[in-house]
Amino acid sequence: MFEWLIAGGGIHGCTIAAHLIKQNIIKPDQLKIIDPNPEPLADWKERTAFIDMPYLRSPGVHHLDIKPFSLKQYGKQAGTETDFYGPYSRPSLHLFNEHCDRVIEETALCKSWHTGLMSIVVRESDHWMVQTKKGDRFYTKNLVIATGINRRLFLPEWGHKAKKLAPSRVSHVFDNRKAAPEGPIAVVGGGISAAHLTIKLSKQSPGQVTQITRHGYRVHDFDSDPGWLGPKYMDGFSKMNAEEKRRTIQQTRHKGSIPAELNQKLHHFRKKDAYRLLIDEIVDIEYKNNQFILITQSGKQLKVRTIYFATGFAPDVMSADFLANLIKKENLQCAHCGFPLVNHQLEWCDHLFVSGPLAELELGPSSRNVIGAMKAADRITAAFF
Ligand SMILES: Cc1cc2nc3c(=O)[nH]c(=O)nc-3n(C[C@H](O)[C@H](O)[C@H](O)COP(=O)(O)OP(=O)(O)OC[C@H]3O[C@@H](n4cnc5c(N)ncnc54)[C@H](O)[C@@H]3O)c2cc1C
């Protein structure tokens, strides 16, 4: 029997695990982390590496460790002058990942690791039984669900058609298998992943790239206003009912936005004709002579050989089978929007904790981000000191 089991070994799961160990609440052998990847942060590293993201969007005080200035101090010892960017000291991806690896090593998280996908959760008297898809079983006193958004990538209708027409020439930026970048190339999406990928491909194949987005660039430094990180806005948020909270989260998250410096960089690349920006909607697609013909709402036609979708995840976070069954069996409280109603400690029912999107109605618009992981770790561990 483990003291704690964490489902999901991404940024959130690893932050909570590191806090549990660094606050001396448990030892590594009392903890199990279950995740389908062979090692911690695999999805994060893969996704950010593919788009060639040089710096994080979040500031240098957002990371996995327990002390706020841990990453900045690490940067002073191991980094270079260019490892922090701009007025918010945004860390380079390289430094951030190195710091993550150090925290993971210090807390021996790999010893607690089990590669598997949690598929069944059952309450058995005073503990939880967790079963993976392969049938491995684990028993734990406390369970944390830190499984992130979901594992379903979003494609527009015509994207599914493109995948059927020529599967090897199309991929989502977060697909495990990626199409080789044979020009001309279309990048679909207007958010930060699309922006980074457009820059990367424009450097590799100047003049061969078209970014297609339904809206012009939405420029915001952060995913949501920094006021949501503290009492300025969170005091009011905590007094709202669940419907108001959901509405507020929807209105205040700058979905599909990019920071100002990325906007400037894109402008510079466009001026050099390194890529073209097409603000339009694709309404149909054909495939002839090894090329896609994309037909836009305004009647334009675009011929490309490769399509990358940077269109995010399906929005149905709560539709994972293990969650639906758990909610039914344990009669867990959910808001009208389907998301968990949890207490201040992010406890959904006795000894069952959540983080990330699942903790959103308690932690607000920043819950899915790195700072959301730090806040979740603080709240979950607070009662166990
Ligand atoms: C390209 C990109 C850049 C970003 N940049 C920033 C940034 O600069 N700053 C910031 O704050 N945020 C950023 N974000 C948001 C970022 O995704 C989150 O901060 C963070 O990765 C979310 O961590 P997570 O652990 O909740 O989710 P994930 O990283 O998705 O990890 C969830 C883990 O759970 C696993 N899992 C899923 N289902 C199960 C299951 N049933 N059983 C077991 N394991 C399961 C998954 O395989 C995965 O390993 C960025 C996101 C992307 C995609």
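Reader: Is the crossing in which helix 6 passes helix 9 left-handed or right-handed?

Author: Helix 6 passes helix 9 in a left-handed crossing, a crossing being left-handed if the near helix is turned anticlockwise from the far one by less than a right angle, and right-handed if clockwise. This is a predicted model, in which local features need pLDDT of at least 70 and side-chain atom pairs count only at pLDDT 80 or more, while totals for chains, interfaces and linings use all residues. Residues are numbered from 1 along each chain as its sequence is written.

Reader: At what angle do the axes of helix 6 and helix 9 cross, and which residues of the two helices meet?

Author: Helices (H or I, at least four residues) and strands (E, at least two) are DSSP runs, numbered from the N terminus, and axes are lines fitted to C-alpha atoms, for helices over the stretch in contact, with angles from 0 to 180 degrees between N-to-C directions. Here the axes of helix 6 (residues 192-204) and helix 9 (residues 260-271) come within 11 Å and cross at roughly 35 degrees. Ile 192, Ala 195, Thr 198, Ile 199 and Ser 202 in helix 6 meet Leu 262, Lys 265, Leu 266 and Phe 269 in helix 9, where contact requires C-beta atoms, placed from the backbone, within 7 Å. Sorted by class, this contact has 6 nonpolar, 2 polar and 1 charged residues (Ala, Val, Leu, Ile, Met, Phe, Trp, Tyr, Cys and Pro count as nonpolar, Asp, Glu, Lys and Arg as charged, and the others, Gly among them, as polar).

Reader: What is the order of the strands in the open sheet of 3 strands, and why do strand 15 and strand 17 each have one side without a neighbour in the sheet?

Author: Two strands pair if DSSP finds at least two bridges between them; in this open sheet the order is 15-16-17, with antiparallel pairing. Strand 15 (282-288) and strand 17 (301-304) stand at the edges, each with a single partner strand, so one side of each has no neighbour in the sheet. From one strand to the next the twist averages 20 degrees. Strand 15 is joined to strand 16 (residues 291-296) by 6 bridges, and Gln 291 in strand 16 is the bridge partner of Lys 288. Helix 5 (residues 157-165) lies across strand 15 and strand 16, at about 5 degrees to strand 15.

Reader: Into which domains is the chain divided?

Author: The bounds, from an automatic or database domain assignment, give domain 1 (2-151 + 314-382) and domain 2 (157-221 + 259-309). Their centres, taken over C-alpha atoms, are separated by 32 Å, and the contact takes 7 residues from domain 1 and 10 residues from domain 2.
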